[in-house]
Amino acid sequence: MKTIVQKKLYHVDSRGYYGSFGGAFIPEMLYSKIEELRENYLSIIAEPSFQKEYNDLLHNYVGRPTPLYRANRLSTKYKTNIFLKREDLCHTGAHKVNNTIGQILMAKKLGKKRVVAETGAGQHGVATATVCALMNIECIIYMGEIDIERQAPNVARMKMLGAEVRPATSGSRTLKDATNEAMRHWITNCAGTHYIIGSVVGPHPCPDMVARFQSIISEEIRWQLKVQTGKETPDYVVACVGGGSNAAGAFYHFLDDEDVKLVAVEAAGQGISSGYSAATTVLGKPGVLHGSHTILMQTADGQVMEPSSISAGLDYPGIGPQHAYLFDSGRGTFMSATDDEAIQAAFELTRFEGIIPALESSHALAVLGKLSASEHDNVIVNLSGRGDKDMATYMKYIY
Amino acid sequence: MNRITTLFNGVKRQSQARLLSIYFTAGFPELNETMRILRALQDGGVDMVEIGMPYSDPIADGETIQQSNNKALENGMTVKILFEQLADMRKTITIPILLMGYINPVLQFGVENFCKKCAELGIDGLIIPDLPLDVYLDQYKAIFDAYGILNIFLVTPQTSEKRIRQIDEVSEGFIYTVSSASVTGSKSGISHEMESYFERLNAMQLRNQRLIGFGIKDYKTFQKASDHAAGAIIGSAFIRFLNESKDLEEEIEFFVKSFKNSPETIEA
Ligand SMILES: Cc1ncc(COP(=O)(O)O)c(C=O)c1O
């Protein structure tokens with residue numbers, strides 16, 4: 001990761017905001033912990049020893065740079081030039097590990113002895129348990145009771161890696177409640193605990209810190225595209241958005257290139273108006289969720305609503321504050337894909353290119369036909385993860 | 001004058017005040033018990049009440065209050081319904097009343113509308129743990145002031161001296177002293193470590209008096225906390241009691257008295 005000279009426009013400002021979104025809406029019990037992070041994260045990231053260890057681990061442990069692969073048959077079908085950024089080839093099978101590698105080094109620099117994290121599908125939980133095993137740090141993962149049942153293989157992976165998996169039994173017993181439990185754990189366990197949040201959500205500086213650790217994705221895309229096409233900037237960058245970390249990483253180094261269309265794809269679930277959806281920007285309104293002012297799905301009374309998606313990783317009622325700002329300012333184009341469209345796109349990629357994508361990433365693939373990209377355009381799709389974890393779902397569609 | 005201010009102005013010697021404030025979640029255990037619980041608390045001799053506005057994601061609360069929030073929402077409680085229930089509150093209730101809840105429902109109601117409604121109903125203050133100090137000062141203080149609503153801030157054992165002084169500077173009414181690094185409903189009791197933290201606050205000679213909350217659950221913990229502050233706040237213990245209570249009126253009065261009078265006097 002390079003030290004980034006920012007034009008600032010779409011990045012976080014000195015108060016922790018992206019336009020009117022962001023901030024740190026936290027109870028006083030978390031203030032000193034957030035303050036410690038806020039005061040230290042930039043200088044720690046800039047330390048040469050941090051950079052060296054981070055880059056070394058990304059290269060030799062995670063397997064970076066991940067390939068930028070021109071998907072030829074897919075390109076022919078959609079009459080444009082489609083490149084897949086292969087985050088599915090990262091160790092542990094998704095982009096989540098880019099963040100957890102950075103975070104575990106941050107935890108070490110801050111002298112933390114224990115890590116707590118939340119997880120939905122279990123991908124972030126696995127990526128966290130992995131780096132904790134690597135660094136010999138105690139690891140506690142909160143996971144909704146319902147998700148524990150739905151994602152048994154990832155629960156087993158986390159346990160094999162030595163993490164303690166604690167069921168979140170409150171509320172709807174899914175990702176949002178696991179996040180609440182992880183925050184409560186952080187409140188109760190003072191100074192020695194580092195909370196590794198799994199996406200670009202939460203109170204400032206969490207969204208910015210995660211975005212920086214994921215920014216390696218677009219840093220690589222720039223030079224890889226240059227090598228392959230002679231151009232550094234694509235015409236489109238497409239990524240799915242749960243909380244928004246893979247999208248934030250894929251967009252990061254293109255934010256100020258206004259010619260690059262940044263396409264964020266939300267999960268429409270069974271359809272936008274079906275009552276079973278997770279399309280936050282369509283169904284949500286501004287408000288506060290998990291410590292930041294952002295857009296979230298909520299009732300008229302301000303109660304957080306339960307989202308619904310076939311993909312557990314997109315099953316979140318909010319989006320990160322930077323995405324709220326990209327949406328609000330028009331810099332980002334927000335689209336959505338239904339469960340069925342995502343399944344179709346997953347099978348299409350598998351049969352056209354021999355790559356089984358994660359259900360989350362399939363949402364990004366599902367909008368390829370709706371972009372109206374020309375035959376000269378370069379379209380990057382961030383393939384955030386691989387589909388091994390989703391085989392139980394895919395098998396229902398194989399006759 | 002604001003009833004909270006009046007209450008605390010009346011305190012001459014902190015260690016003798018022993019003010020008792022009780023929290024309950026509106027809409028729990030039943031949707032329409034709010035006024036009945038409020039009256040019973042007042043009749044029992046409680047000094048102040050915090051009415052909780054239920055929220056789907058109460059991150060500063062432990063299991064007991066989470067469950068009362070969930071039940072209240074299942075029962076259909078909303079901010080609007082709560083305001084309707086409190087419409088005639090001041091015909092019978094004379095003690096200071098606060099609303100406690102999370103920021104998002106207040107934002108959706110509109111902060112100005114919310115404060116206006118509170119002023120109309122005779123609500124004296126708000127406790128919103130996830131409304132940060134800087135946002136309050138920048139955006140909302142003027143509104144709160146215009147309607148005479150006090151915003152009560154929390155301090156914790158981790159709050160730095162500098163920040164405590166800053167909070168003291170902008171606080172009116174009292175400062176909510178969170179007894180330990182925990183969510184509500186902690187069962188640990190009052191340790192020597194907590195007592196020295198309470199004394200550290202006393203030694204700071206703050207403008208505002210303090211009430212101690214989180215983990216106050218019986219006569220002993222209430223009295224011990226009250227040795228070091230103007231009084232203390234009961235939350236989860238009252239919710240647990242409501243869960244088991246059959247005859248609200250009578251039992252609530254008894255519950256309140258059990259904090260003020262030592263167990264021996266009650267039995268005698
Ligand atoms: C493969 C994959 N992609 C995307 C996501 C969604 O998260 P985010 O929006 O933070 O990238 C997840 C979350 O679990 C995931 O596992």
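Reader: What makes you say the shell around the ligand draws on domain 1 and domain 2 of chain A?

Author: In this predicted model, the shell takes at least three residues from each of those domains. The assignment puts 18-59 + 96-209 in domain 1 and 63-94 + 215-395 in domain 2. So both domains count as contributors, going by bounds from an automatic or database assignment.

Reader: How do you know that the domains of chain A touch, and how many residues take part?

Author: Their C-alpha centres lie 22 Å apart, but contact is about heavy atoms within 4.5 Å. By that test, 39 residues of domain 1 and 40 residues of domain 2 are in the contact.

Reader: Back to the ligand: which residues are closest?

Author: Of the 18 residues that surround the ligand, the closest are A:Ser199, A:Gly242, A:Gly244, A:Ser245 and A:Ser384.

Reader: Why is the pairing of A:Ser384 with the ligand called a polar contact?

Author: An N or O atom in the A:Ser384 side chain is 2.7 Å from a ligand nitrogen. The cut-off for such a pair is 3.5 Å, so this one passes. A:Ser199 has a polar side-chain atom 2.6 Å from a ligand oxygen, while A:Gly244 uses a backbone N or O atom, 2.7 Å from an oxygen of the ligand. The protein covers 97% of the 390 Å² of accessible area that the ligand has on its own.

Reader: What classes of residue make up the shell around the ligand?

Author: Eleven are polar, five nonpolar and two charged. Gly counts as polar here, so A:Gly242 and A:Gly244 belong with the polar ones.

How values were computed: Residues are numbered from 1 along each chain as its sequence is written. Chains are lettered from A and ligands numbered from 1 in the order in which they are written. This is a predicted model: local features need pLDDT of at least 70, side-chain atom pairs count only at pLDDT 80 or more; totals for chains, interfaces and linings use all residues. Side-chain values use heavy atoms; hydrogens and water are left out. A residue is near a molecule or strand if one of its heavy atoms lies within 4 Å of it. A polar contact is a pair of N or O atoms within 3.5 Å; within protein, one must be able to donate a hydrogen and the other to accept it, and residues adjacent in sequence count only if both atoms are side-chain atoms. Accessible areas come from the Shrake-Rupley method with a 1.4 Å probe; for residues, only the protein chains shown count as cover.
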